[in-house]
Amino acid sequence: MTTLNPPSAYTPTPYPYSEYEPEPHSYEVEHHPYDPVPPNRPGGRADGSYKRSEREPKRRRRRTKFGLVVRGLCLLVLLAVLAGAGTYVWAGTRLDGDVDLGALPGRAAAGKGTNYLIVGSDSREGLSEKQAKNLHTGSSIGSEGRRTDSMMVLHTGSHGTTLTSLPRDSWVTIPPYVDPKTGVHHKPAKNKLNAAFSLGGPELLVRAVESNTGLRINHYTEIGFAGFVGIVDAVGGVPMCVDRRIVDDKAGLDLAKGCHDLTGREALGFVRQRHQEKEGDLGRSRNQQKFLAALAEKASSPGVLMNPSTMYGTAGAGLDTLIVDKSTGVPELTRLFKAMRAVSSGQGKQLGVPVGRLGLATSKGSVIVWDKAKANRLFSELREDRPVTLKG
């Protein structure tokens, strides 16, 4: 048998022979040139070769495996850090920071905790005429004016997370503003909360929410139809159960009673429909909260997070039509997502603004009037970051 001799400059370090017991193997193996074998060990050979029974394989084998595991973990950590940094850069370049909250006049006083205003708009940006028709989005792509289909305030603080829906037909006072199209100055006036968005965009909507709730809005996020549908389809649909058949021709929805995996098209119809809800806009607000929580849970599932193509597809679909304020970057969106996931898992509260009257007839149509005393108590608790006492 051919053996290899150690280099002449190599000096072996003796083992404590008494620690090792011979194993019942007798076949011979070659000695590696850098493997220290004492030349005077019983059974050892002058040329450096030895029997399997004369070396201790277990300890060396454990060291090798442990070393591989450590190096593997280090590599995984490094890749995760690099991937995370790359994702932050990639996502940051796609964010549309179009809203400047710092430039708004008459802001509400800063409170405790953090408040996110989450808006679902009827923006058709990113949709073709054919897609808009298929999704039953109503007005044509080039039609003027933007409206909101949903508005929610997400509060995070020392007492957990609270998601509060603001019905778009809420009867509120719109602050004074300058029409961005005509330059005409308008005085404060009563109107639906949704009108603030149509009349003055995100900036006037934020001011209207702040002036009627007393909450300082720290971050603004808005997503249009295309982004909403894209996210739902990217995660492979969202599970949703309904206790009755829902048919709404205007929303393009026909759902049988029971549980479904809603596609993007079906999900858009579900969160928009209100004609089949006994309480109209309030019923729609509850559906939107329910769906948003289910979407957050699905998006944070291992099947999405552990699949790079799905994860990037989901993020890309949302970022393409997402509008945020200038102070909102990827870190803030990450915290928002985690807070939404907490709500979906039951670690927070989902509420609606307390309502005193439904269907009040006004010059602006049928509206919803808040219960002033209960609403003020809710907003005061959120503003001061105290435990919310209102039941969901």
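Q: Let's start with disulfides. How many does the structure hold?
A: A disulfide is a covalent bond between the sulfur atoms of two cysteines. This is a predicted model, and it holds one disulfide. The bond joins Cys-241 to Cys-259, with the sulfur atoms 1.9 Å apart.

Q: Which way does the link of Cys-241 and Cys-259 turn about the S-S bond?
A: The angle about that bond is 100°, and the link is right-handed.

Q: Which parts of the chain does the pair tie together?
A: Cys-241 sits in strand β12 and Cys-259 in strand β15, so the disulfide ties together parts that lie 18 residues apart in sequence.

Q: Are these cysteines buried or exposed?
A: For this we need the cut-offs: under 20% relative accessible area is buried, over 50% is exposed, and partly exposed is in between. Cys-241 has a relative accessible area of 38%, so it is partly exposed. Cys-259 reaches 60% and therefore counts as exposed.

Q: How do I read the side chains along strand β12?
A: Look at which face each one points to. In β12, residues 238–242, the side chains alternate. Val-238, Met-240 and Val-242 point to one face and are buried, while Pro-239 and Cys-241 point to the other and are not.

Q: And how do β12 and β15 run relative to each other, parallel or antiparallel?
A: They run antiparallel, with five bridges joining β12 to β15, which covers residues 258–262. To find your way along the pairing, start from Pro-239: its bridge partner in β15 is Asp-261.

Q: Now the interior. Which residues have the most contacts inside the largest nonpolar core?
A: In soluble globular proteins, nonpolar side chains tend to be buried together. Here the largest nonpolar core has 37 residues, and those with the most contacts inside it are Leu-154, Phe-228, Phe-270 and Phe-291. The largest share of this core, six residues, comes from helix α9. Apart from it lies another core, of 32 residues, including Leu-193, Val-209, Ala-375 and Val-388.

Q: What is Phe-228 in contact with, leaving aside its neighbours within four places in sequence?
A: Its partners are Ile-223, Gly-264, Ala-267, Leu-268, Val-271 and Phe-291. Of these, Gly-264, Ala-267, Leu-268 and Val-271 are among the buried residues of helix α5. That helix, residues 264–272, is mostly covered, with seven of its nine residues buried.

Q: Back to α9. How does its reach compare with the expected span?
A: Take the distance from the first C-alpha to the last, and set it against the expectation at 1.5 Å a residue. Helix α9 spans residues 330–344, has 15 residues and reaches 21 Å, close to the 21 Å expected. Its buried residues include Val-330, Leu-333, Leu-336, Met-340 and Val-343, and also the polar-named entries Glu-332 and Ser-344.

Q: What follows α9?
A: Gly-346 does, and its phi is positive, near 85°.

Q: Which phi does Asp-385 have?
A: Asp-385 has a positive phi of about 55° although it is not a glycine. You will find it in the segment after α10, which covers 372–383. Asp-385 is buried, with a relative accessible area of 10%.

Q: How do I read an aromatic pair, and how many are there?
A: Check the distance between the ring centres and the angle between the planes. The count comes to one aromatic pair. The rings of Trp-370 and Phe-379 have their centres 5.8 Å apart and their planes at 55°, so the pair is tilted. Both Trp-370 and Phe-379 are buried.

Q: Where is Asn-191, and is it buried or exposed?
A: Asn-191 lies in strand β10, residues 189–192. It is buried, with a relative accessible area of 13%. Beyond its neighbours within four places in sequence, its contacts include Ser-170, Trp-171, Leu-199 and Lys-364.

Q: To finish, what does the whole chain look like?
A: The protein chain has 10 helices and 19 strands. Buried residues make up 44% of its 392 residues. Among contacts between residues at least 6 apart in sequence, 67% join residues at least 24 apart.

Note on methods
Residues are numbered from 1 along each chain as its sequence is written. This is a predicted model: local features need pLDDT of at least 70, side-chain atom pairs count only at pLDDT 80 or more; totals for chains, interfaces and linings use all residues. Side-chain values use heavy atoms; hydrogens and water are left out. Helices (H or I, at least four residues) and strands (E, at least two) are DSSP runs, numbered from the N terminus. The expected span of a helix is 1.5 Å times one less than its number of residues. Buried means under 20% relative accessible area, exposed over 50%, partly exposed in between (1.4 Å probe, protein chains only). Two strands pair if DSSP finds at least two bridges between them. A nonpolar core is a set of buried Ala, Val, Leu, Ile, Met, Phe, Trp, Tyr and Cys residues joined through side-chain atoms within 4.5 Å. Contact means heavy atoms within 4.5 Å. A disulfide is a pair of cysteine sulfur atoms within 2.5 Å. Rings of Phe, Tyr and Trp (its six-membered ring) pair if their centres lie within 6.5 Å; planes under 30 degrees apart count as stacked, over 60 as edge-to-face and the rest as tilted.
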